[in-house]
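Hi,

Here is the structure I said I'd pass on. Have a look at it first, and then read my notes underneath.

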Amino acid sequence: MDAYAGLRYAHTDLKLEGTAVSTFSLGGVELWREERALSAQVDGDTLYPLVGMRIVAIPVNKFSILLQGDVGGFGTGVDLALHTIASVAYTFPVSKNWFMGIHAGYRALNERDEEGSGPDRTETNLTIHGPWFGFGFHY
């Protein structure tokens, strides 16, 4: 089991475009219809502190299981960030002192933030998740 602390940096460049449609129907007959184009754009850089824990288990030779999680933000950059990873790895020697690992797992990151008040208030709740694959070398 390991504990760690650090910083996470993220660059966001998000653009949403769509159309809102309002209709008024009576008896199945459309009496009124209005369409509006909507768009929003968010971009910026975020840097915030984090603390976490990692557990690595080796159930059989050459295989390992990783469970990792951290929490960050604390009101700097974002209000709250939660990050989790679960993965398995197969490690094999490539030379006398060097080893290669093939990793596969699932990862999720959620960032929540609120800024401003009244009509200028913005609230963000962003979750990114999915499988990941990688290779690593160590000696």
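Below is what came out of it, strand by strand.

First, the ground rules: this is a predicted model, with pLDDT of at least 70 required for local features and 80 or more for side-chain atom pairs, while totals for chains, interfaces and linings use all residues. Residues are numbered from 1 along each chain as its sequence is written, and side-chain values use heavy atoms, leaving out hydrogens and water.

On confidence, the protein chain averages a pLDDT (the predictor's confidence in each residue, from 0 to 100) of 93, and 100% of the residues score at least 70. Strand β4 (residues 78-93) has the highest mean, 96, and strand β2 (residues 29-57) the lowest, 91. Strands here are DSSP E runs of at least two residues, numbered from the N terminus.

Now the pairing, which takes at least two DSSP bridges between two strands. β4 pairs antiparallel with β3 (residues 63-76) over 12 bridges; one of the contacts puts I65 opposite V88 in β4 as its bridge partner. That pair is a hairpin with 1 residue between the strands, and G77 in the turn has a positive phi of about 85°. β4 also runs antiparallel to β5 (residues 99-115), joined by 14 bridges, and S87 has G105 in β5 as its bridge partner. This hairpin has 5 residues between its strands.

Two non-glycine residues with positive phi are worth a look: K62, near 80°, and F74, near 55°. K62 sits in the loop between β2 and β3, whereas F74 is in strand β3. K62 counts as partly exposed because its relative accessibility is 38% (under 20% is buried, over 50% exposed, partly exposed in between; 1.4 Å probe, protein chains only).

Cheers

Definitions and conventions: Helix = DSSP H or I, 4+ residues; strand = E, 2+ residues; numbered from the N terminus.
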